[in-house]
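Subject: Structure for your review

Here is the structure I said I would pass on. My notes on what turned up in it follow below.

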Amino acid sequence: MKRFVLMTLVALLCLGGAAFAQKKRVVKKASAKTVVEILYFHGKQRCPTCIAIGDNSKDVVNKDFSKQVKTGQVKFKEIDISTPQGEKIADKYHVTWSSLFVNQWKNGKEKRNDMTEFGFENARSNTPAFCTGLKNKITQLLK
């Protein structure tokens, strides 16, 4: 009788482990899609150019990529580096002031694109060029 109970427990454990392994594979397949993440970092005090970078980035994402936002393929995150949570994320990206990153996530790997300099050069003084450049970068990374 003891042998039967022991064999039954071993069989159940094996079946449970196989089911867990199968479930894990399904999760990996689902995460294989490409996601583009736009990260806009700023402090508590923001200059007009910093505000323009954030506002224009948000507008491009919401107007030109609304379908991809709904499906989770494009994400916009505004990060206040003066908060404890924002500071942790800023440390990860080595950010100490206003910055713009457009990152591609594919197969669990992140490809970072620092567009801070481009943002400061264009967001306020040449808004159409900024919006076009950001839209092109996001489109390129979605492929």
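Buried means under 20% relative accessible area and exposed means over 50%, with partly exposed in between. Glu 78 has a relative accessible area of 38%, so it counts as partly exposed. Please keep in mind throughout that this is a predicted model.

Salt bridges

Glu 78 is a good place to start. The whole structure holds five salt bridges, and Glu 78 takes part in one with Arg 46, at 4.0 Å from N to O. Because Glu 78 belongs to strand β2 (residues 74-80) and Arg 46 to the loop between β1 and α2, this bridge ties together parts that are 32 residues apart in sequence. Arg 46 is partly exposed, at 32% relative accessibility.

Glu 78 also forms a salt bridge with Lys 58, where the closest N and O atoms are 3.4 Å apart. Here the link runs between helix α2, which holds Lys 58, and strand β2, which holds Glu 78, and the two residues are 20 apart. Lys 58 has a relative accessible area of 33% and is partly exposed. Arg 46, Lys 58 and Glu 78 are thus linked in a network of salt bridges.

Another of the bridges joins Arg 112 and Glu 110, with 3.1 Å between the closest N and O atoms. Both partners are partly exposed: Arg 112 has a relative accessible area of 36%, and Glu 110 is at 24% relative accessibility. Arg 112 has a further contact to note, since its charged end sits over the ring of Tyr 93, 3.9 Å from the ring centre.

Aromatic pairs

Tyr 93 leads on to the rings. There are five aromatic pairs. In one of them, Phe 41 and Phe 101 have ring centres 6.0 Å apart and planes at 80°, so the pair is edge-to-face; the cut-off for that class is over 60 degrees. Phe 41 is in strand β1 and Phe 101 in strand β3, so this pair links distant parts of the chain, 60 residues apart. Phe 41 is buried, with a relative accessible area of 0%. Phe 101 is buried too, with a relative accessible area of 6%. Ring pairs join these two residues and Tyr 93 into a cluster.

Phe 118 and Phe 130 make a stacked pair, with 5.7 Å from centre to centre and 20° between the planes. Phe 118 is in helix α5 (residues 116-122) and Phe 130 in helix α6, so the pair ties together parts that are twelve residues apart in sequence. How do the two partners count, buried or partly exposed? Phe 118 is partly exposed, at 24% relative accessibility, whereas Phe 130 is buried, at 0%.

Nonpolar cores

The largest nonpolar core has 19 residues, and the members that touch the most others are Val 36, Ile 38, Val 74, Leu 100, Val 102, Leu 134 and Ile 138. At least two residues of this core come from each of β1 (35-42), α2 (48-64), β3 (99-106) and α6 (127-142). Another core, of eight residues, lies apart from it, and its members include Ile 79, Ile 81, Ala 90 and Phe 101.

Which residues does Leu 100 contact, leaving aside its neighbours within four places in sequence? Among them are Ile 38, Leu 39, Tyr 40, Ile 53 and Ser 57. The list also includes Asn 113, Asp 114, Met 115, Thr 116 and Phe 130, the last being the residue paired with Phe 118.

The chain as a whole

The protein chain has six helices and four strands. Read from the N terminus, its elements follow the order α-β-α-α-β-α-β-β-α-α. Of its 143 residues, 34% count as buried. Where contacts join residues at least 6 apart in sequence, 67% of them are between residues at least 24 apart. The accessible surface is about 9600 Å², and carbon and sulfur atoms account for 58% of that.

Regards

Key
Residues are numbered from 1 along each chain as its sequence is written. This is a predicted model: local features need pLDDT of at least 70, side-chain atom pairs count only at pLDDT 80 or more; totals for chains, interfaces and linings use all residues. Side-chain values use heavy atoms; hydrogens and water are left out. A nonpolar core is a set of buried Ala, Val, Leu, Ile, Met, Phe, Trp, Tyr and Cys residues joined through side-chain atoms within 4.5 Å. Buried means under 20% relative accessible area, exposed over 50%, partly exposed in between (1.4 Å probe, protein chains only). Contact means heavy atoms within 4.5 Å. Accessible areas come from the Shrake-Rupley method with a 1.4 Å probe; for residues, only the protein chains shown count as cover. Rings of Phe, Tyr and Trp (its six-membered ring) pair if their centres lie within 6.5 Å; planes under 30 degrees apart count as stacked, over 60 as edge-to-face and the rest as tilted. A charge sits over a ring if NZ of Lys or CZ of Arg is within 6 Å of the ring centre and within 35 degrees of the ring normal. A salt bridge is a side-chain nitrogen of Lys or Arg within 4 Å of a carboxyl oxygen of Asp or Glu.
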